[in-house]
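These are my notebook entries on one protein chain. I went through the structure element by element and wrote down what I looked up.

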Amino acid sequence: MNTRTAIITGATSGLGLECARALLHDDPSWHVVLPVRDTARGADAVKELGEPQRCTLMPMDLASLASVRAFVEDFRAATLPPLHAIVCNAGVQVTNREWTEDGVEMTFGVNHLGHFTLVQGLLDELARPARIVVVSSGTHDPSKHTGMPDPSYTSASDVAHPRADQSPDGRRRYTTSKLCNVLFTYELDRRLGHGGQGVTVNAFDPGLMPGSGLARDYPPLQRLAWRYLLPALRVLPGVRSTRTSGRYLAALTNDARFDGVTGEYFDGIRPIRSSADSYDRDKALDLWETSERLLTQCPKGR
């Protein structure tokens with residue numbers, strides 16, 4: 001019998017789909033809400049998961065704050081089991097500079113600001129004990145030498161509205177957004193009293209997942225390599241299939257061994273130190289306050 005609801009963003013494919021699959025398979029008490037931009041893709045995902053009675057599709061586009069707010073209203077009005085988990089998984093990596101409906105740089109807008117809005121809107125809906133898991137990436141940490149450009153965080157305003165003379169490298173915007181994910185995780189955990197309010201908050205590095213959809217905006221040759229050549233690297237440390245990482249993400253969402261664990265950064269299911277910058281309280285406060293300001297500047301109507 002369904003007694004708990006988990007919201008998983010980006011659950012129509014890749015890591016999010018595998019997390020939903022593992023959660024539904026491992027624990028019959030879960031009902032999964034899939035926020036989707038494309039209802040047809042969402043329906044295909046539900047069919048693949050094979051548990052239609054335990055899945056609910058609801059429209060949401062993280063690149064539109066109005067859409068995220070509408071999702072929150074729709075969720076509140078829905079008749080579903082109590083909300084016990086939010087998995088902030090969806091992400092984009094765009095090569096060209098693009099903008100959200102609200103005029104925010106797309107990578108930052110989807111990977112951070114949309115999730116910030118979602119969590120803020122649903123905090124009082126969470127039935128305690130509850131868990132929030134934010135999917136980041138090892139690419140946020142320059143010491144890992146991932147081959148990706150180092151994050152460039154001067155201020156959240158610069159990240160949200162980059163100047164014309166700032167680097168156009170979409171990969172750097174991606175790694176910076178992943179640093180924002182960890183800064184947000186730690187600041188949210190502090191504001192929730194490090195688990196004292198019954199909500200744990202952790203960040204998750206799924207590892208390098210060849211074949212995932214993150215490279216969909218790469219040039220054709222790079223997309224080809226990402227899809228067909230890089231899977232051969234799965235024997236290397238830190239390289240995982242989406243199925244494996246999905247199981248790890250579901251474990252952080254559900255397993256009793258993580259009861260009460262909060263304010264951590266996980267490589268798979270192993271807690272490790274995140275980057276030096278991710279522990280910078282000034283950066284975290286700047287990100288939080290800027291995010292709140294961006295929300296007040298955007299219309300609240302549906």
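**Entry 1: helix H4**

I began with the bend in H4: a kink of about 30° is centred on Leu113. The model is a predicted one, and I read the kink with that in mind. I then looked up the extent of helix H4, which covers residues 106-122 and has 17 residues. From its first C-alpha to its last, the helix reaches 23 Å, close to the 24 Å expected at 1.5 Å a residue. I next checked how far H4 is covered and found 16 of its 17 residues buried. At the N-terminal end of H4, I noted Glu105 as a cap. A side-chain oxygen of Glu105 lies 3.0 Å from the backbone nitrogen of Thr107.

**Entry 2: the chain overall**

I looked up the totals for the protein chain. Its secondary structure comes to 9 helices and 8 strands. Of the 302 residues in the chain, 55% are buried. I also took the contacts between residues at least 6 apart in sequence; 77% of them join residues at least 24 apart.

**Entry 3: salt bridges**

Side chains of opposite charge can pair when their charged atoms come close. I recorded 17 salt bridges in the structure.

One of these joins Arg21 and Glu48, with the closest N and O atoms 2.8 Å apart. Arg21 lies in helix H1 (residues 14-26) and Glu48 in helix H2 (residues 39-49), so the pair ties together parts that are 27 residues apart in sequence. Glu48 has a relative accessible area of 46%, so I entered this residue as partly exposed.

I then turned to Arg240 and Asp267, which form a salt bridge with their closest N and O atoms 2.7 Å apart. This pair links distant parts of the chain, 27 residues apart: Arg240 is in the loop between helix H7 (220-229) and helix H8 (242-254), whereas Asp267 is in strand S7 (residues 265-267). Are Arg240 and Asp267 buried or exposed? I found both of them buried.

A further salt bridge brings together the side chains of Arg257 and Asp255, at 2.8 Å from N to O. Arg257 has 53% relative accessibility and therefore counts as exposed. Asp255, at 23%, counts as partly exposed. I also traced salt bridges that share partners, and these join Glu18, Arg21, Glu48 and Arg243 into one network.

**Entry 4: Asp189**

I looked for a charged residue without a partner and selected Asp189, which sits in helix H6 (residues 170-191). Which side chain of opposite charge is nearest to Asp189? I found Arg190, 6.9 Å away; Asp189 is buried yet has no salt bridge. For its surroundings I left aside residues up to four places away in sequence, and Asp189 then touches His194, Gly195, Val201, Thr262 and Gly263.

**Entry 5: Ser275**

My last look-up was Ser275, found in the loop between strand S8 (270-272) and helix H9 (281-297). Its relative accessible area is 2%, so Ser275 counts as buried. With residues up to four places away in sequence not counted, Ser275 touches His140, Asp141, Pro142 and Leu179. I also checked the separation of Ser275 from His140: the two are 135 residues apart in sequence, and their C-alpha atoms are 7.0 Å apart in space.

Note on methods
Residues numbered from 1 in each chain as written. Predicted model: local features only at pLDDT ≥ 70, side-chain atom pairs only at ≥ 80, totals over all residues. Heavy atoms only, no water. Helix = DSSP H or I, 4+ residues; strand = E, 2+ residues; numbered from the N terminus. Buried < 20%, exposed > 50% of the residue type's maximum accessible area, 1.4 Å probe, protein only. Lys, Arg positive; Asp, Glu negative; His and termini not counted. Salt bridge = Lys/Arg side-chain N within 4 Å of Asp/Glu carboxyl O. Contact = heavy atoms within 4.5 Å. Expected span 1.5 Å × (residues − 1). Bend = angle between axes of the 7 residues up to and from the residue. Polar contact = N/O pair within 3.5 Å; in protein donor to acceptor, adjacent residues only side chain to side chain.
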